[in-house]
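Reader: Please give a close account of one part of this structure, setting out how that part is built into its surroundings. I should be glad to have each term defined where it first appears.

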Amino acid sequence: MRILILGFLLISSVRSFGQLSEKHYRIYSVKLNKEVTLADIAAEMNRYDVLFFGEEHNDSVAHYLQHKMLETLHQSFSNRVTLSMEMFDRDVQTVMNEYLKGDIREKNFTKDARVWSNYKDYRPLIEFAKNNKLDIICANAPSRYTNLAGRKGQEALMGLSDDSKKNFAPLPYRVADGKYYEKLMMMSSHHAPTATDSVSKTLHPKMAMGGFNLITAQSLWDATMAYSIAQYLKKHKGNKVLQVNGRFHSDEGFAIVTQLKLYEPSLRSLIISSGTDDSFPNIDWSKHAPLGDFIIITDPTVPRTYQE
């Protein structure tokens, strides 16, 4: 708690010295091989359905840009814009809808929706959607199910009730393979799921929690977020979805992006990969180009919203 309070004070101090601005980030289009603007990304969305915004969860500049991106998309597509978020689970969709409609108070919403401890980072997105009557997709699978999948496999999920199964992707779901599997296995910065993000730091997947299968658990998160988006767009054809998630869930077109193609091959996706780089603002874009369609590098001197 002390760390989070310190983080909030840090970001508050940044804002007190002046709003974050274009000097704190650079956006690069891989296709055009040049720096572009958020408006350019919104224009590109005329030909696409889903925009993945992959973030580092404590990057204050990325959170600022997500809000600006949602605003820019709204200016272009009005009420055809929908926000989808890793940060909310499918089983709290009713709570989200009640809050967006103004039926319940914020303090009840934050409690019953089980918001992340850094909810302050995402609150501007929620409030923008609420004020502009935009839908929000609570896209993720609750951690109780990913934990069960990691401990006992998909077979354990099959034994759950039909009501429980509504909260995650249909069974059986595809488990990570190929390059994404290799990436998961090679990354020493992953361990078994926490109550918030599906990607946290420290242990190698095979070592996590002595026999916990991170690949099976991680894949349920990815599959469920993809399924949630596909399910929504089947009912709301023509909408543009801004999906906010940790960058590991969408970088290189892996994870959610790959799973989305399985659920609805016709959907077209663009990927933003956002992160810091100590070389800012003199960035070697070629180093980041494989990560997405648009690369956002943020100023590493701007304080993080909390310290990991």
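**Strand 1 and the sheet around it**

Author: The bridge partner of Tyr 28 in strand 2 is Glu 35. The model is a predicted one, in which local features need pLDDT of at least 70 and side-chain atom pairs pLDDT 80 or more, while totals for chains, interfaces and linings use all residues. Residues are numbered from 1 along each chain as its sequence is written, and side-chain values use heavy atoms, without hydrogens or water.

Strand 1 covers residues 25-29 and strand 2 covers residues 34-35; strands (E, at least two residues) and helices (H or I, at least four) are DSSP runs numbered from the N terminus. The two strands pair in the antiparallel sense over 2 bridges, pairing being counted where DSSP finds at least two bridges. Together they form a hairpin with 4 residues between the strands, where Asn 33 takes a positive phi near 55°.

Strand 1 also has a partner in strand 8, residues 294-298. These two strands again run antiparallel, and 5 bridges join them. Within this pairing, Arg 26 faces Ile 297 of strand 8. Of the 5 residues of strand 1, 4 are buried (under 20% relative accessible area, with a 1.4 Å probe and protein chains only). The strand is therefore largely enclosed by the rest of the structure.

The wider setting is an open sheet of 8 strands with mixed pairing, in the order 2-1-8-7-3-6-4-5. Strand 2 and strand 5 stand at its edges with a single partner strand each, so one side of each has no neighbour in the sheet. Strands of a sheet may pair in parallel or antiparallel fashion, through backbone hydrogen bonds. Elsewhere in this sheet, strand 3 (residues 50-55) runs parallel to strand 7 (residues 269-276), and 5 bridges connect them. Val 50 of strand 3 stands opposite Ser 269 of strand 7.

Beyond the sheet, helix 3 spans residues 60-77 and contains His 63. His 63 has a relative accessibility of 5% and therefore counts as buried. The C-alpha atoms of His 63 and Tyr 122 lie 7.1 Å apart, although 59 residues separate the two in sequence.

The aromatic side chains complete the picture. The whole structure holds 9 aromatic pairs, a pair being rings of Phe, Tyr or Trp (its six-membered ring) with centres within 6.5 Å, stacked under 30 degrees between planes, edge-to-face over 60 and tilted otherwise. One of them joins Tyr 180 and Phe 248 in a tilted arrangement, with 6.0 Å between the centres and 45° between the planes. This pair links distant parts of the chain: Tyr 180 belongs to helix 10 (residues 178-186), and Phe 248 lies 68 residues away, in the loop between strand 6 (240-246) and helix 12 (256-263). Both Tyr 180 and Phe 248 are buried.

The ring of Phe 248 also has the charged end of Lys 183 over it, 4.8 Å from the ring centre; such a placement requires NZ of Lys or CZ of Arg within 6 Å of the centre and within 35 degrees of the ring normal. A second case is Lys 130, which lies over the face of Tyr 99 at 4.0 Å from the ring centre. Tyr 99 in turn belongs to one aromatic cluster with Phe 88, Phe 109 and Tyr 119.

Methods. Buried means under 20% relative accessible area, exposed over 50%, partly exposed in between (1.4 Å probe, protein chains only).
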